[in-house]
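Welcome, and thanks for taking a look at this one with me. Please open the structure and keep it beside you as you read the points that follow.

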Amino acid sequence: MTQKNKNEFNWVDPVFDSIGMTQWAWRVSHRENFKLGKHVEIGSFTMIDAQSGVTIEDEVKIGFGCSILSHSSIDNKDGLVLLKKGCSIGANSVIMPGVEIGEGAIVGSNSLVNRNIPPFEIWFGSPARFKRRIDRE
């Protein structure tokens, strides 16, 4: 999709019910700490725990059934999760507290991301490991 076409796309803001569920069956807890950019795609059954803050920038894609956690009571980790512009998260992946995923980065399906991912890199696995740089030419 070209930049011109993206701007023409009629993106719709999510509508949240009383428990944070959207019309597309993804959910956000602690919505007061959640920031969502434009032209974002989030798959059904994704859970976003924004207790310590989650920011999703423009043009991010998140697959079905992901968990994005800014707080973990099991290991007492807290921290802002930041998904930078144009990154993609594969289905059924888990993003742990305090993680930043760089601009244009790709996380493969079924990955556990417990550390920052630099811009324009591909990572996958459990835990996620570096695969290769993305050629931007």
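1. Let us begin with one aromatic residue. Phe16 has a relative accessibility of 23%, so it counts as partly exposed, since buried would need a value under 20%. Please keep in mind that this is a predicted model.

2. Next comes a partner for that ring. Phe34 has a relative accessible area of 12% and is therefore buried. Trp26 is buried as well. The ring centres of Trp26 and Phe34 lie 6.4 Å apart with their planes at 65 degrees; planes over 60 degrees apart count as edge-to-face, so this pair is edge-to-face.

3. How many aromatic pairs does the count come to? The total is four. One of them is formed by Phe16 and Phe34: the ring centres are 6.5 Å apart and the planes stand at 85 degrees, which makes the pair edge-to-face. This contact links distant parts of the chain, as Phe16 sits in the loop between α1 (3-8) and β1 (27-29) while Phe34 belongs to strand β2, 18 residues apart. Taken together, Phe16, Trp26 and Phe34 are linked by ring pairs into a cluster.

4. Now follow Phe34 into its strand, β2. In what order do the four strands of the open sheet run? The order is β2-β5-β10-β13, with parallel pairing. At the edges are β2 (34-36) and β13 (100-101), each of which pairs on one side only.

5. Inside that order, look at β5 and β10. Strand β5 covers residues 54-56 and strand β10 residues 81-83, and three bridges pair them in the parallel sense. If you would like a landmark here, Val54 stands opposite Val81 in β10.

6. Another place to visit is strand β16 (residues 121-125), which is joined to strand β14 (residues 106-107) by two bridges, the two running parallel. Here Ile106 stands opposite Ile122 in β16.

7. Strand β16 also has an antiparallel partner: five bridges pair it with strand β17 (residues 128-133). How many residues lie between β16 and β17 in their hairpin? There are two. Across this pairing, Glu121 stands opposite Arg133 in β17.

8. One last contact deserves a glance. The ring of Phe120 has the charged end of Arg136 sitting over it, 4.1 Å from the ring centre.

Technical notes:
Residues are numbered from 1 along each chain as its sequence is written. This is a predicted model: local features need pLDDT of at least 70, side-chain atom pairs count only at pLDDT 80 or more; totals for chains, interfaces and linings use all residues. Side-chain values use heavy atoms; hydrogens and water are left out. Two strands pair if DSSP finds at least two bridges between them. Rings of Phe, Tyr and Trp (its six-membered ring) pair if their centres lie within 6.5 Å; planes under 30 degrees apart count as stacked, over 60 as edge-to-face and the rest as tilted. Buried means under 20% relative accessible area, exposed over 50%, partly exposed in between (1.4 Å probe, protein chains only). A charge sits over a ring if NZ of Lys or CZ of Arg is within 6 Å of the ring centre and within 35 degrees of the ring normal.
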